[in-house]
Amino acid sequence: MKLELFPFQLKFKHAFKIAHGIRTTTDVVYVRITLDKVVGWGEATLPPYLPETQQSVIEFLSKVDITGIQIPYNPFEIFKEMDARYPGNLSAKAALDMALWDLKARMENHTIGELLRIPSKPFPLCTYTLGVSSFDEMRTKVNEADRFGFELFKIKLNGRNDFQTVENLRKLTHKPFAIDVNQGWKTIGEAEGAISAIERFDPVLIEQPLPVGNEEVMQQLMAKFQIPFYADESCQTLKDVEQLPDYFDGINIKLMKCGGISPAVAMIERARALGLSVLIGCMSESSVGCTAASHLTPLADYADLDGPYLITNDPFSGMLVEQGAIKVNPLVQKVPL
Ligand code: MG
């Protein structure tokens, strides 16, 4: 079993502006595992607000020895052992974990969803993310989303001109939309004021309204508003899920946050047992990461796997959005790395 690493830089179609800042590119590292001419692909995506970098991913994956893996292998066990032995480095672990699942699926002539015995439907609606935008920028993006077949938006708010931003969206489309604040409302008062103003536009959910560490105050928002609240930054790994049912209605699970498909499956199971709704999301990722995550989406209420639609230089093709919903599609490398 051979492991190779390919650093790469994804380019955004439009500069991506959220409460954390603005950027035009995202660094990634692709992982290729080869066994008997069969390949499995993984991706670590590294937005600048996360601690990992291309260098840290390469260093981490260079020290993980996969040569001793016996065939057939169980990716759950490999993840468990790796996670117990090495702390942190969750994006690097996610890249390796999804590559192992991809390789296993190809070797055994199944999809990853089939290996995991995930029902083949229904696939949930997938959001199209609108970064903080002027009215004209938003019009361009809404038209793009319509052309791609999206039926649900996710709009980023940052605590500035939030009412105007949502009103602009409503002038441009009547399709449903979610809100993602990325911790942008700094106090409970600010959150209550903003939500009171925009609830008339009927958002389907609000993601991470307050900074991490304010989970207990969420109970006030939950009591006051009917809109479902989802944890994103407040929910990284399985450990966090246990604490959240008192403070949120649902969680956003991303392979990059939790360490891959293996831990994500455990998080979904636990979230469901605790009565939490589930959204399967992504960072700015290409088709490798989003196709891996797409296999889990029949277990979710919503998907947010629009990464491949927001970039111009995806070296791969894979999952699609059709009539608004996720469509699982084989992962194919389009250009050499
Ligand atoms: Mg989010």
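**Close-up views of a predicted model**

Tyr128 counts as buried, because its relative accessibility is 1%. The close-ups below come from a predicted model.

**View 1. Tyr128 and Phe150 meet edge-to-face.** Tyr128 is the buried residue with 1% relative accessibility. Its partner in this aromatic pair is Phe150. The ring centres are 4.9 Å apart, and the planes make an angle of 65°. An angle over 60 degrees counts as edge-to-face. Phe150 is buried too, with a relative accessible area of 0%. The two residues come from distant parts of the chain. Tyr128 belongs to strand E4 (residues 127–130). Phe150 sits in the loop between helix H5 (135–148) and strand E5 (152–156). They are 22 residues apart.

**View 2. Tyr30 and Trp41 form another aromatic pair.** The structure holds 14 aromatic pairs. In the one shown here, the ring centres of Tyr30 and Trp41 lie 6.5 Å apart. Their planes stand at 90°, so the pair is edge-to-face. Tyr30 is in strand E2 (residues 21–35), and Trp41 is in strand E3 (residues 38–46). The pair therefore ties together parts that are 11 residues apart in sequence. Tyr30 has 0% relative accessibility, so this residue counts as buried. Trp41 is buried as well, at a relative accessible area of 4%.

**View 3. Five aromatic residues make one cluster.** Tyr30 and Trp41 appear again here, as members of an aromatic cluster. Phe6, Phe8 and Phe316 complete the group.

**View 4. Lys104 lies over the face of Tyr73.** This view shows a lysine and an aromatic ring. Lys104 is 5.6 Å from the centre of the Tyr73 ring.

**View 5. Three acidic residues hold the protein donors of the magnesium ion.** The donors come from Asp180 (OD), Glu207 (OE) and Asp232 (OD). They lie 2.0 to 2.3 Å from the ion. Along the sequence, the spacing of these residues reads D-x26-E-x24-D. Asp180 lies in strand E6 (residues 177–180), and Glu207 lies in strand E7 (residues 206–207). This pair therefore ties together parts that are 27 residues apart in sequence. Are these two residues buried or exposed? Asp180 is buried, with a relative accessible area of 1%. Glu207 is also buried, with a value of 0%. Both values fall under 20%, so both residues meet the cut-off for buried.

Terms used:
Residues are numbered from 1 along each chain as its sequence is written. This is a predicted model: local features need pLDDT of at least 70, side-chain atom pairs count only at pLDDT 80 or more; totals for chains, interfaces and linings use all residues. Side-chain values use heavy atoms; hydrogens and water are left out. Rings of Phe, Tyr and Trp (its six-membered ring) pair if their centres lie within 6.5 Å; planes under 30 degrees apart count as stacked, over 60 as edge-to-face and the rest as tilted. Helices (H or I, at least four residues) and strands (E, at least two) are DSSP runs, numbered from the N terminus. Buried means under 20% relative accessible area, exposed over 50%, partly exposed in between (1.4 Å probe, protein chains only). A charge sits over a ring if NZ of Lys or CZ of Arg is within 6 Å of the ring centre and within 35 degrees of the ring normal. Donors are N, O and S atoms within 2.8 Å of the metal (3.2 Å for Na, K and Ca); water is not among the atoms, so sites may look incomplete.
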